[in-house]
2 protein chains.
Amino acid sequence: MVDGWLPQPATEEIELVKVMHALGDPVRMQLLSVFLDGKEHGCDLSGLGLDHLHKSTVSHHMRVLREAGVTATRTVGRNRLVQLRKADLDTRFPGLTDALLTAMGR
Amino acid sequence: MVDGWLPQPATEEIELVKVMHALGDPVRMQLLSVFLDGKEHGCDLSGLGLDHLHKSTVSHHMRVLREAGVTATRTVGRNRLVQLRKADLDTRFPGLTDALLTAMGR
DNA sequence: ATCACGGTTTGATGCTCGTCAAACAATAGG
DNA sequence: CCTATTGTTTGACGAGCATCAAACCGTGAT
């Protein structure tokens with residue numbers, strides 16, 4: 001019933017070096033590849049090759065991404081919906097998410 | 001008299017996650033801000049606020065950047081000339097260095 | 001109220017990394 | 001040849017990080 005957003009840095013507070021650090025991990029990079037479409041995603045990571053990871057480990061990586069300002073997480077019921085903060089990132093670092101989208105994905 | 005290039009990954013071998021990891025450090029980020037002009041630079045880091053760092057520490061960071069494929073280092077005499085591998089990075093990850101240049105610097 | 005579900009938090013462990021210090025290597029100059 | 005310069009390499013140390021496991025917490029269903 002609480003249904004709100006998890007804590008995250010304001011747009012102006014997003015730091016490039018922290019974003020880079022957040023993306024400098026294979027697991028988080030793979031998570032990013034899912035979020036790059038900009039849509040909301042559940043925490044079901046089946047079909048990602050992340051089955052071997054403990055749920056608390058994934059939760060940790062999700063937190064790193066969120067605290068770096070890369071993603072935003074919304075609580076609805078007992079689920080979490082995660083999405084890329086594309087607009088905010090484009091404001092702070094124009095062209096960055098586009099470059100990532102080009103480099104990854106297709 | 002040997003005057004050659006220090007070992008570095010081939011263009012196709014440059015991995016995005018390793019580049020991100022290399023850039024996920026404040027010191028290396030500051031070094032990058034110097035190299036973003038694409039020109040060759042000596043290892044004189046005066047006026048960068050890196051005076052407090054030991055020379056071996058800077059050498060370490062230079063190596064990380066080079067092994068990630070971010071920079072290329074040339075040996076001339078007893079000096080090292082370092083420059084951004086802009087063409088190679090643009091080939092692998094189009095728009096990335098431009099986005100970094102926009103985000104940092106001016 | 002009780003239970004199951006989805007996810008977080010805490011603690012512990014091992015590995016990686018940033019830093020310094022000292023030794024080393026190669027080169028330019030006397 | 002000797003010395004100074006420029007930067008690398010090695011070793012050591014401490015901090016940080018990725019991972020797991022177990023406990024915990026809010027929510028929805030029974």
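**How chain B meets chain A**

The contact, meaning heavy atoms within 4.5 Å, draws on 18 residues from chain B and 18 residues from chain A. This is a predicted model, in which local features need pLDDT of at least 70 and side-chain atom pairs count only at pLDDT 80 or more, while totals for chains, interfaces and linings use all residues. Residues are numbered from 1 along each chain as its sequence is written, chains are lettered from A in the order in which they are written, and side-chain values use heavy atoms, with hydrogens and water left out.

**Buried area**
- Between them, chain B and chain A bury about 1300 Å², with 86% of it on carbon and sulfur atoms; buried area is the accessible area (1.4 Å probe) that two parts lose on being put together, summed over both.
- Of the area that chain B buries against chain A, 33% comes from B:Leu16, B:Val17 and B:Met20, more than from any other three residues.

**Charged pairs**
- The rule finds zero salt bridges across the interface of chain B and chain A, a salt bridge being a side-chain nitrogen of Lys or Arg within 4 Å of a carboxyl oxygen of Asp or Glu.

**Symmetry**
- A turn of 180 degrees and a shift of 0.0 Å along the axis lay chain B on chain A with an RMSD of 0.0 Å, the copies being superposed by least squares on the C-alpha atoms of residues with pLDDT of at least 70 in both.
- The two copies are therefore related as by a two-fold rotation axis.
- The same surface serves both copies, since 100% of the contact residues of chain B recur in chain A.
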